[in-house]
Amino acid sequence: MSVMFHYFRWAILVTLAGLALAFWLGWVYSGNMTGAVSFFLIAVVLAVLEISLSFDNAIVNANKLKDMTPVWQRRFLTWGILIAVFGMRILFPLLIVVIAAGIGPVEAIVLASTQPTEYARIINDAHLSIAAFGGAFLMMVALNYFIDEGKDVHWIAVLERRLSMCASVRGLEVALVLAMMMLFTVLLPVRDEAAFLFAGSAGLLTFLMVELLGQVLDRRNEALKTTAQGGLGAFLYLEVLDASFSFDGVIGAFALTKNLFLIAIGLGIGAMYVRSMTIMLVERQTLAQLRYLEHGAFWSILILSLIMFAQTMWHIPEAVTGLLGAGLIGLALLSSLRFNRRNPAD
């Protein structure tokens, strides 16, 4: 228990402060206890939603962080969480409205405060582009993990082994993502085709540019014998990855409430738990002890990318997304524990 409190103490403090703020916000907006309790409960649901959707994010973060220098680990866990909470959970929804409605940031804040229904409508209108971008980026993340000739540990062996063997085919990941984009372009109404293709191509290009930047910085790091440059490439990769994970939660939050500030509180609380889980996974080397946990996370990412593409056509409840991701990670955890029992460490 003391170990858990050590890692989650800040998340718990933020939870208490955030829920108190949500209660006060509900009282301000409604002027009665019913409204205050309603805001309180919605904040709890949003936090749980964010945690369930982002647990695989914590695993992927930990996988990348373990290879980073301690300096860049600290920078990601401080600056990175500020960007994640304030950037993606507050500024990102504002930016969508600024671009979609053609208004200034101050006007967007006023709109969110005084006309939350109109604000939510603008957000929902931008959902197709957001889902296409996030789906393409996350699919590249997952395929890049599985299509790797150096990968010698397989969880769902019948699939993972074959994907690993295909690594010699150059550009296979890109081809698969493009094929998926073409499939959905055929299925989508004509009026949505251009927006979907542009946003999906932007997501694919963003992944490739981040990968390229990381490789350039890493090579420069080797040449200069410094650590900061390589850490910067990984830092940027994780920030873009976190942004892609956040798309689904931010958009899904508007199904529960139209209040921007309540959304920021609930998702911010969830983001703090993701940060705490990431730190625990890195410091306690949990990924090394649980052989298949990482595999479950990347399968969850692949499923999430397909769901994001599917959301351009159909409404898929966020609870389904969260349960699928949590279920895959839970199965990977059970498989890891079973492997450890059958193969005890010397």
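Author: Contact means heavy atoms within 4.5 Å. This is a predicted model: local features need pLDDT (the predictor's confidence in each residue, from 0 to 100) of at least 70, side-chain atom pairs count only at pLDDT 80 or more, and totals for chains, interfaces and linings use all residues. Residues are numbered from 1 along each chain as its sequence is written, and side-chain values use heavy atoms, with hydrogens and water left out.

Reader: Which residues does Ser276 contact, leaving aside neighbours within four places in sequence?

Author: Ser276 sits in helix H11, residues 260-283. Helices (H or I, at least four residues) and strands (E, at least two) are DSSP runs, numbered from the N terminus. Beyond those neighbours, the contacts of Ser276 are Tyr7, Phe8 and Ala11.

Reader: Is Ser276 buried or exposed?

Author: The scale is relative accessible area: buried is under 20%, exposed is over 50%, partly exposed is in between (1.4 Å probe, protein chains only). Ser276 has a value of 1%. Therefore Ser276 is buried.

Reader: How many helices does the protein chain have?

Author: Read along the sequence, the pattern is α-α-α-α-α-α-α-α-α-α-α-α-α-α. There are zero strands. The helix count is 14.

Reader: What share of the protein chain is buried?

Author: The chain has 346 residues. Of these, the buried ones make up 50%.

Reader: What share of the chain's contacts join residues at least 24 apart?

Author: The pool is contacts between residues at least 6 apart in sequence. Within that pool, the share joining residues at least 24 apart is 78%.

Reader: Which element has the lowest mean pLDDT?

Author: The chain mean is 79, and 84% of residues reach 70 or more. Among the elements, H8 has the highest mean, 94. At the other end, with a mean of 65 over residues 228-253, is helix H10.

Reader: How many contacts does the stretch 224-230 have beyond near neighbours in sequence?

Author: Take care here. The pLDDT is below 50 over residues 224-230. Where pLDDT is low, the predicted coordinates should not be read in detail. In the model, the stretch's contacts beyond near neighbours number 11.

Reader: At what angle do H6 and H8 pack?

Author: H6 covers residues 127-146 and H8 covers residues 172-187. Axes are lines fitted to C-alpha atoms, for helices over the stretch in contact, and angles run from 0 to 180 degrees between N-to-C directions. The two axes are 9 Å apart. Their angle is about 145°.

Reader: How do the residues of the H6 and H8 contact divide by class?

Author: H6 brings Ala136, Met139, Met140, Leu143 and Asn144, and H8 brings Glu173, Val174, Leu176, Val177, Met180 and Met181. Ala, Val, Leu, Ile, Met, Phe, Trp, Tyr, Cys and Pro count as nonpolar, Asp, Glu, Lys and Arg as charged, and the others, Gly among them, as polar. The division is nine nonpolar, one polar and one charged.

Reader: Which hand has the crossing of H8 and H13?

Author: A crossing is left-handed if the near helix is turned anticlockwise from the far one by less than a right angle, and right-handed if clockwise. H8 and H13 cross in a way that is right-handed.

Reader: Are H8 and H13 roughly parallel or roughly antiparallel?

Author: H13 spans residues 293-310, and its axis is 11 Å from that of H8, at an angle of about 25°. Angles under 35 degrees count as roughly parallel, over 145 as roughly antiparallel, 65 to 115 as roughly perpendicular and the rest as oblique. So H8 and H13 are roughly parallel.

Reader: Which residues of H13 meet H8?

Author: By class, this contact has six nonpolar, no polar and no charged residues. H8 offers Met180, Met181 and Phe184. From H13 come Leu306, Phe309 and Ala310.

Reader: How far apart are the C-alpha atoms of Ser336 and Leu290?

Author: Ser336 lies in helix H14, residues 318-342. Its relative accessibility is 0%, so Ser336 is buried. Not counting residues up to four places away, Ser336 touches Leu290, Arg291, Tyr292 and Leu293. Ser336 and Leu290 are 46 residues apart along the chain, yet their C-alpha separation is 5.0 Å.

Reader: Which residues does Ser335 touch, not counting those up to four places away in sequence?

Author: Ser335 is also found in H14. At 12% relative accessibility, Ser335 counts as buried. The residues it touches are Trp155 and Tyr292.
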